[in-house]
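Here is a friendly walk through a single protein chain, meant to be read with the model open beside you. Take a moment to turn it around before reading on.

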Amino acid sequence: EGFAWLCNRQTREGEPELPRLVRRRQLSYPVSLLLALLRRKLAEFDAHSSEERLILDREDIIDQLKTFLPQSANESRMVDQIGSYLNKITELGFIHYLKDDANKFEVRRIIKAFVDAQWLDSFDEKMRAYKQYLENRDAC
C-alpha cells in the first residue's frame, strides 16, 4: 500500500524505558465514527472499482455523518463541527483535500492499517449496544 509502520521496541528487564515514538490519543466518538465510515467507503470502493484513488465529496460525508449524530436546531453549527472532525482526520493523515477542489478529498490507504476488520467489528458492536440503549430509553 506504500506505507511503513513503526512500533516501539519492547524494553527488557534492567533496561531503561524508551520514550514513545508517537503520543497516544483517544479519538472522540464523531472522529471514530467518521473513520469507520471512511474505511467502509474504501472497502466498498476497492470491491467495486478498478480506480486507485477514492475521492469523496465533503457534502456526501456530512450527510452520512448527520445520520449518526444528535439532531441540532442549528444546522450550520453542526456542519462546522463536522468540518472540524474532517480537519482532525486530515491532521492525522487519513484524508487529503484536493488542491483544485476544496470540497473534495482523497481517502488515503493508510486508514486500512489503522481501521482494520477487528476495529470495525468492535465499533459495530459498540454501535449496536448504543442503539439498543437508545431504543430502551425511548420505550420508557
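## Salt bridges and what they join

Lysine 66 and glutamate 75 meet in a salt bridge, with their closest N and O atoms 2.1 Å apart. Please keep in mind that this is a predicted model. Lysine 66 is partly exposed, its relative accessible area being 24%, and glutamate 75 is likewise partly exposed, at 39%.

The structure holds 5 salt bridges. Another of them pairs arginine 109 with aspartate 46, where the closest N and O atoms are 2.9 Å apart. Arginine 109 sits in the loop between strand 3 (104–107) and helix 4 (111–114) while aspartate 46 belongs to helix 1, so this pair ties together parts that are 63 residues apart in sequence. Is arginine 109 buried or exposed? Arginine 109 counts as buried because its relative accessibility is 19%, and the cut-off for buried is under 20%. Aspartate 46, at 31% relative accessibility, counts as partly exposed.

Aspartate 46 also takes part in a salt bridge with lysine 112, at 3.6 Å from N to O. Here again distant parts of the chain are linked: lysine 112 lies in helix 4 and aspartate 46 in helix 1, 66 residues apart. Lysine 112 is partly exposed, with a relative accessible area of 25%.

The three salt bridges described here are set out below for quick reference.

| Salt bridge | Closest N to O distance |
|---|---|
| Lysine 66 and glutamate 75 | 2.1 Å |
| Arginine 109 and aspartate 46 | 2.9 Å |
| Lysine 112 and aspartate 46 | 3.6 Å |

Which residues do shared partners join into one network? Asp46, Arg109 and Lys112 are joined in this way by their salt bridges.

## Aromatic rings

A search of the whole structure turns up 3 aromatic pairs. One of them is formed by tyrosine 97 and phenylalanine 105, which meet edge-to-face, with 5.8 Å from centre to centre and 70° between the planes. Phenylalanine 105 is buried, its relative accessible area being 0%.

In another pair, phenylalanine 114 and tryptophan 119 have ring centres 6.4 Å apart and planes at 45°, so this pair is tilted. Both rings belong to residues that are partly exposed: phenylalanine 114 has a relative accessible area of 32%, and tryptophan 119 has a relative accessibility of 23%. Together with Phe94, Phe114 and Trp119 form one aromatic cluster.

## Helix 5 and its surroundings

Helix 5 covers residues 117–139, a range that includes tryptophan 119. How far apart are the end C-alpha atoms of helix 5? The distance is 33 Å, which agrees with the 33 Å that its 23 residues should span at 1.5 Å a residue.

Leu120, Phe123 and Met127 are buried in helix 5. Helix 1 (29–48) is among the elements that cover the buried residues of helix 5.

Serine 32 offers a closer look at this part of the model. Serine 32 lies in helix 1 and counts as buried, because its relative accessibility is 12%. Setting aside neighbours within four places in sequence, serine 32 is in contact with Leu27, Trp119 and Phe123. Of these partners, Trp119 is also in the aromatic cluster with Phe94 and Phe114, and Phe123 is one of the buried residues of helix 5.

## The chain as a whole

Now step back to the full chain. The chain has 5 helices and 3 strands, and from the N terminus on its elements run α-β-α-α-β-β-α-α. Its radius of gyration is 18 Å, well over the 14 Å that the globule rule gives for 140 residues, so the chain is more spread out than a compact globule. Along the principal axes, the C-alpha atoms fill a box of roughly 55 × 50 × 30 Å.

What share of the 140 residues in the chain is buried? Buried residues make up 28% of them. The accessible surface of the chain comes to about 10500 Å², and 49% of that belongs to carbon and sulfur atoms. Among contacts between residues at least 6 apart in sequence, 59% join residues at least 24 apart.

How values were computed
Residues numbered from 1 in each chain as written. Predicted model: local features only at pLDDT ≥ 70, side-chain atom pairs only at ≥ 80, totals over all residues. Heavy atoms only, no water. Phe/Tyr/Trp six-rings, centres within 6.5 Å; stacked < 30°, edge-to-face > 60°. Buried < 20%, exposed > 50% of the residue type's maximum accessible area, 1.4 Å probe, protein only. Helix = DSSP H or I, 4+ residues; strand = E, 2+ residues; numbered from the N terminus. Expected span 1.5 Å × (residues − 1). Contact = heavy atoms within 4.5 Å. Salt bridge = Lys/Arg side-chain N within 4 Å of Asp/Glu carboxyl O. Rg over C-alpha atoms; globule rule 2.2 N^0.38 Å. Areas by Shrake-Rupley, 256 points an atom, 1.4 Å probe, with all protein chains shown as cover.
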